[in-house]
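User: Hey, can you walk me through the open and closed spaces in this protein? After that I'd like to hear about the sheet.
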Amino acid sequence: MGLFDRFKTKKIEGVDDTMYLTLREERRITKENTKIIKEFERQKNRKHVTEAEYLTQMRDPSNVVEFDNLHTYFFTEVGTVKAVNGVSFDIPQGKIVGVVGESGCGKSVTSLSLMQLVQAPQGQIADGSIRYQAGNGKCYDITKMPKDQMLKIRGKEIAMIFQEPMTSLNPVFRIGEQMDEVVLLHVEGATAESAKARSIEMLNLVGIADEEKIYKNYPHELSGGMRQRVMIAMALACDPRLIIADEPTTALDVTIQAQILELLRNVKDKINGSIMLITHDLGVIAEMADNVVVMYAGRIIEQGTVHEIFKEPKHPYTIGLMKSKPGGKLKEDRLYSIKGQVPNPINMPDFCYFCNRCDHAMNICSKEYPNMVKFSPDHLTACHLYYGEGLQEQNQKRMQNNQSEGKE
């Protein structure tokens, strides 16, 4: 057996065997995906669309956004990556919804789908709906809106604070020029003078001292915390109903992080808006969020109020995340880590995605994907441990353990 063959057949715990495609197979996949992509792009670029085609009704009028069975795929030359694979959750008015999970689980792609900013043409919303309750009282299905109509909402009613402000701000334009552009684009009747006044007002709102000077600076002249504040000020310039904060404190030190989080909380209360907070930091979620959504491999595996998720986590993955948090009262010398790897996103199994890493895996886990189990009106989890064959198997194990302990 040659060296190449040894690598090809090597098995690693928790990792799928490597699949190799021939050139003919790659060409076939590329050809099929090109047809699919062209149809999606044609739908997005269509002109003279009547409003009735993308108007809809909210399931609950108290929500700002409702994700309903959202599927967002990336059509690559080696297959289809199901980055978001059937996500459903709500963002209520005036609430902070935290989305948590390890890298690559689909958090950012979910938020980019809401903004229609998924990297095209490979990235496309393949199925599902995203209902948004606009300030004018109308409800729009974002997935059906053409690009020219989405421009009226993006940046005005739904604003996004990106993960890295240095790459989000244009290095060749001054801060003031970039902030004024937002106001001039979205505020009807805005002039250069009114745009500047609004930009300076926003810089002052986010706690920037000497805002007149900062207004004239370039991004590289500011610190990381200052740039992040500028991004927040830019997002708030048009009083949005929803703010998407994608890892807003990742590159900041602890002191600045606390200030940014306090700022977001205060701003939310002032504008009575909602926040979709995406982060890896469970401490930030515990401090900021009202509701929590836990994602894994493109799906929601648990959701509930922040109290329910942190006090009574149900899914083994959520429990693993809690145990992985530094500063916990652990008996082990080493920090706990979840074993194994996430399944190949191109060839996702039709059973539980977490079963190859789960300490409680049962026979049923490798046969079918679990249904959502409801523990309270807000607390749900997708796990075989709590119903059907899985629950029976767990009860049998408990009985066997009790019997063995009794014999001892």
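Analyst: Sure, a definition to start: on a 1 Å grid over the protein atoms alone, a pocket is an open set of points with protein on both sides within 12 Å along at least five of seven lines, while a cavity is a set of points where a 1.4 Å probe fits but cannot get out; lining residues have an atom within 4 Å of a point. Also, this is a predicted model: local features need pLDDT of at least 70, side-chain atom pairs count only at pLDDT 80 or more, and totals for chains, interfaces and linings use all residues. Residues are numbered from 1 along each chain as its sequence is written, and side-chain values use heavy atoms, with hydrogens and water left out.

User: OK, which residues lie nearest the centre of the largest pocket?
Analyst: R154, G155, V182, H186 and M234, out of 18 lining residues. The pocket holds about 570 Å³ (the space filled by probe spheres set on the grid points, which are joined across faces, edges and corners).

User: Which element gives the largest share of that lining?
Analyst: α6, with five residues. The elements giving two or more residues are β6, α6 (175-186) and α9 (224-236). Those names are DSSP runs numbered from the N terminus: helices are H or I with at least four residues, strands are E with at least two.

User: And how does the lining of the largest pocket divide?
Analyst: Into 11 nonpolar, four polar and three charged residues. Here Ala, Val, Leu, Ile, Met, Phe, Trp, Tyr, Cys and Pro count as nonpolar, Asp, Glu, Lys and Arg as charged, and the others, Gly among them, as polar.

User: How many cavities of 30 Å³ or more are there?
Analyst: Two. The largest has about 60 Å³ of space, and its lining includes H315, C352, F354 and C365. About 40 Å³ lies in the second largest, where H315, C352 and F354 are again among the lining residues.

User: Any charged or polar residues around the largest one, and how many?
Analyst: No charged ones and two polar, alongside 10 nonpolar.

User: Switching to the sheet: what's the strand order?
Analyst: It's an open sheet of eight strands, β6-β7-β8-β3-β9-β10-β12-β11, with mixed pairing (two strands pair if DSSP finds at least two bridges between them). The edge strands are β6 (158-161) and β11 (372-374).

User: Are β7 and β8 parallel or antiparallel?
Analyst: Parallel, over five bridges between residues 242-246 and 274-278. One of the partnerships there is I243 with I275 in β8.
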